[in-house]
Number of protein chains: 6
Amino acid sequence: MPPPVFVCWRVDLMGIVDVGSKPILEREATATGFIRLSKEAISSVLNGESPKGDVREASTICVIQAVKETPRTLPHCHPIPIEGCNVEWEVLEEELHCKVTVRTHWTTGVEMEALCGVSAGLLCAWDMLKPIEKDENGQYPTVSIEGIRVLRKKKSHPQV
Amino acid sequence: MPPPVFVCWRVDLMGIVDVGSKPILEREATATGFIRLSKEAISSVLNGESPKGDVREASTICVIQAVKETPRTLPHCHPIPIEGCNVEWEVLEEELHCKVTVRTHWTTGVEMEALCGVSAGLLCAWDMLKPIEKDENGQYPTVSIEGIRVLRKKKSHPQV
Amino acid sequence: MPPPVFVCWRVDLMGIVDVGSKPILEREATATGFIRLSKEAISSVLNGESPKGDVREASTICVIQAVKETPRTLPHCHPIPIEGCNVEWEVLEEELHCKVTVRTHWTTGVEMEALCGVSAGLLCAWDMLKPIEKDENGQYPTVSIEGIRVLRKKKSHPQV
Amino acid sequence: MPPPVFVCWRVDLMGIVDVGSKPILEREATATGFIRLSKEAISSVLNGESPKGDVREASTICVIQAVKETPRTLPHCHPIPIEGCNVEWEVLEEELHCKVTVRTHWTTGVEMEALCGVSAGLLCAWDMLKPIEKDENGQYPTVSIEGIRVLRKKKSHPQV
Amino acid sequence: MPPPVFVCWRVDLMGIVDVGSKPILEREATATGFIRLSKEAISSVLNGESPKGDVREASTICVIQAVKETPRTLPHCHPIPIEGCNVEWEVLEEELHCKVTVRTHWTTGVEMEALCGVSAGLLCAWDMLKPIEKDENGQYPTVSIEGIRVLRKKKSHPQV
Amino acid sequence: MPPPVFVCWRVDLMGIVDVGSKPILEREATATGFIRLSKEAISSVLNGESPKGDVREASTICVIQAVKETPRTLPHCHPIPIEGCNVEWEVLEEELHCKVTVRTHWTTGVEMEALCGVSAGLLCAWDMLKPIEKDENGQYPTVSIEGIRVLRKKKSHPQV
């Protein structure tokens, strides 16, 4: 085989952005979102007895794991040593709200971690409430996940 | 150590619901959702040159991986041999829509897989567009993920 | 570079045993085990209010995930489409017992899946009860996991 | 849709405990446990030739991977940068003992990591010895995993 | 907010190719590759006593796990129920060869699984032999992985 | 059961090497490798329109994920907080080259991370180009992955 002729082309794709030169700060991010549910489903969340178990307890575990899994779910996220994760659920008449706060000391923020947690928690709730929400054709005409947002990000110098 | 006195209590938690007796059918589910973005971010999606690469290409990979990871993200989901996954992106003036269709032959539906795909794809887009969407305080006042829904589920007997 | 001289040696390592020629049967396995805990920890399990949440609910999620993760934890285990998983907790005066039943239709048994589930469930309980069980030196002199066994395996031809 | 009436209820679930304010110390934990095996299985461990390969070598790999996977197996565990992991096997007449020591510099202890390693290592040994231990009915009447304990935890200030 | 104006654009990205209509056949693929090593490293492989343990045993475990992880490593690969995996090592004077055969009954081939296995196995060998191969500047001028190929693929109708 | 007689044997297997006492330095490693492809496949890479999408974009995501997954793929690798990852593709007439640079501040080098990235990226390219490269018998007589090497490793004291 003859030595290949150089053809043309070179691309420098960025991969994950370099964060090594940024300072290690105390960082916190809070994200929120909600799922529209029927009153029957909401009551099943409230009494902790959905067809598949206690929705808040199971979905909280799901949030925590999704927070920690963020760099595997989102390609451009760096691995971050998560230090704390707080999960809060709020129930309206036909909405289940999830609020997730993530804390670390690191060179980069944790808003994607908080967002991943909220998304997974609401999806877990949906999954556990499927038998209640499914209509006679196996469809979910009234269920939806809405308002996934970053409530606030904070950073501050750690106490040395 | 004396034999422990039986105290009181027994709980039978359900774990994952048994699907072994349900028939293997051809199944398909389509989910959708969108992310509100600035015009600048939308234009960065359209020309394929966000600060972290081509948003649609990267987010499509992210969708596929999230679809396959569903039983690890959602505790009550069964492992399912995904056979096909189709990802469609649509751009409005200030919205990026993601539509994911998942197909399999199995005993249980794949709507959670499609929903997990949509969520991950939109989060990946957010993550790649952070440098554009972040305001001067590092906040995201206008970005949100909305309308994550199951468009339709279908099942039918496979051709034998 | 001259062609390398063949030296000596060839090993045929087995990798995972071939199960493709075995019939697909209905299979079930039940495993059990328990953790020795203090009375205070047991009472925290019973009232569902350990320092880190409801032990049974969280540990049940942990069992399910470990059952599904078995082929990643144990190198020689095949990927198996788990169809059902049942988790049962029993409380004695100073013992928390976990019983896990796994079901599938496949060519190979699911006892390792049930055993992985039991182990992970008991470790999760330990982890959640650490603040109660730790002595003043940060040690756990009285906690141990015991009696992890396969209670029974069954197989039978599926109804066609 | 009218604004939903606030119904009732708010729960603050803890997620993972905050460890960011604890000091970074040198930490080490050693856990142990054993599996009861037949003499035939023990001899297969000793000569390194079980039906599925060398039990100690494979199970040691399994221990290391389980130690690193701890935060994915146990929801409330933080990701920790494991620095060292030592695996020791001891053979009695009808028992295979596994001892695992894990080391790090971090804000939180590594006993759960050591315990996860021991559990996985013993389960891997069981899995590899199944063909020897299974009786004529496919049951394991004499095999069990016992005595999974934390031998000792240590922490000390790192040399600066 | 006024209804967004539809701008322009629609992309249908393929995701994973649909394999549901293809027949389930008995499939097998064999891949191979090798790593160039020093004589000292080869002898360390042969006697099973590298600085980090027995290279063949550990790398074989690594192959098996990589074979099973293929759909997580390669985005466009479907999850496949691997039924058998055979790992073979061959030692030349300055080369360690790895040959991996994967078997399943499924609708799609397993050559990527075999290739992933070979790559991971050779990388594991390199990692374990780093202390021997590293030169005084911490570089590896003579080590390389070469010739990763698919030796053969086979498919045939399973015996009904 | 009488106390078991101590038989014989004790092995101290190394697990992962202890890196806790090594200094935290700025570290960088670059690895490279290439895949031999047909002219048709190369042109499909160049125009970004392979049968399964844009090869460079998808394979770059695959590289990043493999870099971050290294401690799960290679048993003896420590978890490392990857700070930056740069992926470069170069196209010759019948070769696609991949170059990956990984950066961190840590106690141990990142050459295995860079090597894992290169391997996964080239395998992903192969997988996406299968429909073009497969001959009429479903074989790949001309495709191979070659020259996977560490180009250079660097370490230096971080700026304090």
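This report describes the interface between chains C and D and then a helix pair in chains A and F of a predicted model.

**The interface of chains C and D**

On the side of chain D, 35 residues are in contact with 35 residues of chain C. Three elements of chain D, namely α2 (55-68), α4 (111-133) and β5 (144-156), each supply at least two residues of the side that touches chain C, and the largest share, 10 residues, comes from α4(D). Sorted by class, the residues on this side of chain D divide into 21 nonpolar, 8 polar and 6 charged.

Strands also take part in the link between the two chains: β5 (residues 144-156) of chain C is joined to β5(D) by 2 bridges, and the two strands run antiparallel. Within the pairing, Ile148(C) stands opposite Ile145(D) in β5(D).

The relation between the two copies can be stated as a rotation, since chain D is superposed on chain C by a turn of 180° with 0.0 Å of shift along the axis, at an RMSD of 0.0 Å. The two copies are thus related as by a two-fold rotation axis. In chain D, the C-alpha nearest that axis belongs to Glu146(D), and its distance from the axis is 2.2 Å. Of the interface residues of chain D, 100% are also interface residues in chain C, so the copies meet through the same surface.

**The packing of α2 and α3 in chains A and F**

The table sets out the helix pair for each of these chains.

| Helix pair | Crossing angle | Axis separation |
|---|---|---|
| α2(A) (residues 55-73) and α3(A) (residues 111-133) | roughly 140° | within 7 Å |
| α2(F) (residues 55-73) and α3(F) (residues 111-133) | about 140° | 7 Å |

With axes that cross at roughly 140°, α2(A) and α3(A) are therefore oblique to each other, and their crossing is right-handed. The residues of α2(A) that meet α3(A) include Val55(A), Ala58(A), Cys62(A) and Thr73(A), while those on the side of α3(A) include Met112(A), Glu113(A), Gly117(A) and Leu129(A). By class, this contact has 13 nonpolar, 5 polar and 1 charged residues.

In chain F, where the angle is about 140°, α2(F) and α3(F) are therefore oblique to each other, and the crossing is right-handed. Among the residues of α2(F) that take part are Ser59(F), Val63(F), Ala66(F) and Thr70(F), and among those of α3(F) are Cys116(F), Ala120(F), Cys124(F) and Met128(F). The contact of α2(F) with α3(F) has 13 nonpolar, 5 polar and 1 charged residues.

Technical notes:
Residues numbered from 1 in each chain as written. Chains lettered and ligands numbered in written order. Predicted model: local features only at pLDDT ≥ 70, side-chain atom pairs only at ≥ 80, totals over all residues. Contact = placed C-beta atoms within 7 Å. Helix = DSSP H or I, 4+ residues; strand = E, 2+ residues; numbered from the N terminus. Nonpolar A, V, L, I, M, F, W, Y, C, P; charged D, E, K, R; others polar. Pairing = 2+ DSSP bridges. Axes fitted to C-alpha atoms, helices over the stretch in contact; angles between N-to-C directions. Parallel < 35°, antiparallel > 145°, perpendicular 65-115°, else oblique. Left-handed = near helix turned anticlockwise from the far one by under 90°. Least-squares fit on C-alpha atoms with pLDDT ≥ 70 in both.
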